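Let us walk through this protein with short questions and short answers. Keep the picture open while you read.

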Amino acid sequence: MTALISVLVVACPCALGLATPTAITVGIGRGAELGILIKSGEALEASEKLDAVAFDKTGTLTVGRPEVTDMAAFGMGEAEALRLAASAQIPSEHPLAEALVRKARQMGLDLAQAEGFEARPGKGVLAVVEGHRVVAGNRMLFADEGIAASPEMLEKASFYESQGRTAVLLALDGRGCAAFSISDQVKSMAQEAVLQLQRMNLSVVMITGDNARSAEAIAGLLGIKRVLSEVLPEDKSGEIKRMQEGGSSVAFVGDGINDAPALAQADVGIAIGSGTDVAIETGDIVLMKDDLLDAVAAIQLSRKVISRIKQNIFWAFAYNALLVPVAAGALYPAFGITFRPELAGLAMAASSVTVVSLSLLLKKYVPPAIKDR
């Protein structure tokens with residue numbers, strides 16, 4: 001009877017039941033302390049299995065406040081070209097549109113009312129300004145509208161793009177007449193974040209609607225080797241799906257409304273806290289600070305938590321595997337050793353304390369990516 005009671009006590013799976021939830025709870029709490037909001041244990045588990053991280057460009061890898069740095073007009077004055085382009089862009093909420101409007105107002109230009117406004121996601125806008133049909137956007141929009149730009153205009157746009165800037169083309173009544181250079185500064189810690197992800201054997205991808213030349217220039221600055229350019233907003237989730245179908249477990253980092261489908265499609269959606277509410281709601285992990293090193297830290301924290309869960313499960317099984325035979329009397333015939341019920345209860349308490357203590361040690365964990373911050 002004593003042996004039976006000892007076996008029942010020492011075989012109690014309480015430590016096994018504590019192994020996973022305690023580590024996940026402490027890990028999620030630690031993430032919150034570090035400014036990393038992890039919404040579920042599933043997000044932690046999926047983050048530990050990642051082998052690729054895809055980044056949106058504008059507002060994620062870059063500051064998201066682009067500025068007009070240069071302009072060239074053909075057949076009209078530069079100020080007038082900017083005034084028409086900015087007038088057509090007023091109803092738009094796109095960062096590039098805001099840059100044109102902001103530049104025009106800084107120059108004190110008198111903007112006009114846009115009529116018949118139409119936004120083409122990932123391409124540009126169309127509107128009627130003072131009786132003129134204005135088209136402002138990229139080459140894809142010009143191709144859609146059958147607008148031909150002069151070789152000089154295209155050469156100027158290519159020059160802007162070779163420097164990592166975005167070229168916005170302007171057409172008035174079906175004739176290309178201006179090119180604007182818009183530059184968005186790369187975030188200070190973006191290059192370091194990319195480098196650390198690559199050191200963790202993760203493939204880093206940039207997905208952007210920018211043309212290939214401009215995208216490659218930005219990617220070169222950051223050390224990103226794989227670039228998916230000229231991707232329309234609605235196609236980003238499709239690119240993520242293709243990566244998954246190729247056998248990759250993918251995280252997507254984004255901040256805008258257009259990023260929400262990709263955030264939902266990815267195995268782990270990581271939203272920038274300074275982004276839109278839709279992106280934050282869709283993401284599995286939210287970075288409360290506008291620092292891409294936190295994306296690296298989130299993955300490192302996930303790996304640490306899953307590693308700690310495995311340690312907990314090991315110790316939970318180790319106590320049972322070692323002591324159940326002893327409690328059953330395996331040592332009694334040879335050594336006369338029995339395992340009394342009270343000692344069995346103490347051993348099971350020690351097992352639970354060990355598991356909980358290992359989990360609580362996560363409260364002091366600082367991911368290497370942000371250790372020096």
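Q: Which way do strand 9 and strand 10 run, parallel or antiparallel?
A: This is a predicted model: local features need pLDDT of at least 70, side-chain atom pairs need pLDDT 80 or more, and totals for chains, interfaces and linings use all residues. Residues are numbered from 1 along each chain as its sequence is written, and side-chain values use heavy atoms, without hydrogens and water. Strands are DSSP runs of E with at least two residues, helices are runs of H or I with at least four, and both are numbered from the N terminus; two strands pair if DSSP finds at least two bridges between them. Strand 9 (residues 203–207) is joined to strand 10 by 3 bridges, and the two run parallel.

Q: Which residue stands opposite methionine 206?
A: Look across to strand 10. The residue there, facing methionine 206, is valine 227.

Q: What is the strand order in the open sheet of 7 strands?
A: The pairing in this sheet is mixed. Its edge strands are strand 1 (36–38) and strand 10 (226–228), and each pairs on one side only. From one strand to the next, the twist averages 20° (axes are lines fitted to C-alpha atoms, and angles run from 0 to 180 degrees between N-to-C directions). The order is 1-13-12-11-2-9-10.

Q: Which residue in the turn between strand 4 and strand 5 has a positive phi?
A: Strand 4 (residues 114–120) and strand 5 (residues 124–129) run antiparallel, joined by 5 bridges. Arginine 120 stands opposite glycine 124. The two strands form a hairpin with 3 residues between them. The turn residue with a positive phi, about 80°, is glycine 122.

Q: How many salt bridges are there?
A: A salt bridge is a side-chain nitrogen of Lys or Arg within 4 Å of a carboxyl oxygen of Asp or Glu. Glu118, Arg120, Arg133 and Glu145 are linked in a network of them. By this rule the count is 18.

Q: How many residues apart are lysine 363 and glutamate 33?
A: These two form a salt bridge, with their closest N and O atoms 3.5 Å apart. Lysine 363 sits in the segment after helix 16 (341–360), and glutamate 33 in helix 2 (residues 14–33). The pair links distant parts of the chain, 330 residues apart.

Q: Is arginine 102 buried or exposed?
A: Arginine 102 forms a salt bridge with glutamate 67, the closest N and O atoms being 3.4 Å apart. Glutamate 67 lies in strand 3 (residues 67–73) and arginine 102 in helix 6 (residues 95–106), so the pair ties together parts 35 residues apart in sequence. Buried means under 20% relative accessible area, exposed over 50%, and partly exposed in between (1.4 Å probe, protein chains only). At 17%, arginine 102 is buried.

Q: Which residue forms a salt bridge with glutamate 80?
A: The partner is 3 residues away in helix 5 (residues 78–89), so about one helical turn separates the two. Glutamate 80 is partly exposed at 32%, while its partner is buried at 12%. The closest N and O atoms are 3.0 Å apart, and the partner is arginine 83.

Q: At roughly what angle do helix 8 and helix 10 cross?
A: The axes of helix 8 (residues 151–162) and helix 10 (residues 212–222) come within 7 Å. Ser158, Glu161 and Ser162 in helix 8 meet Arg213, Ser214 and Ala217 in helix 10 (contact means heavy atoms within 4.5 Å). The helices cross at roughly 20°.
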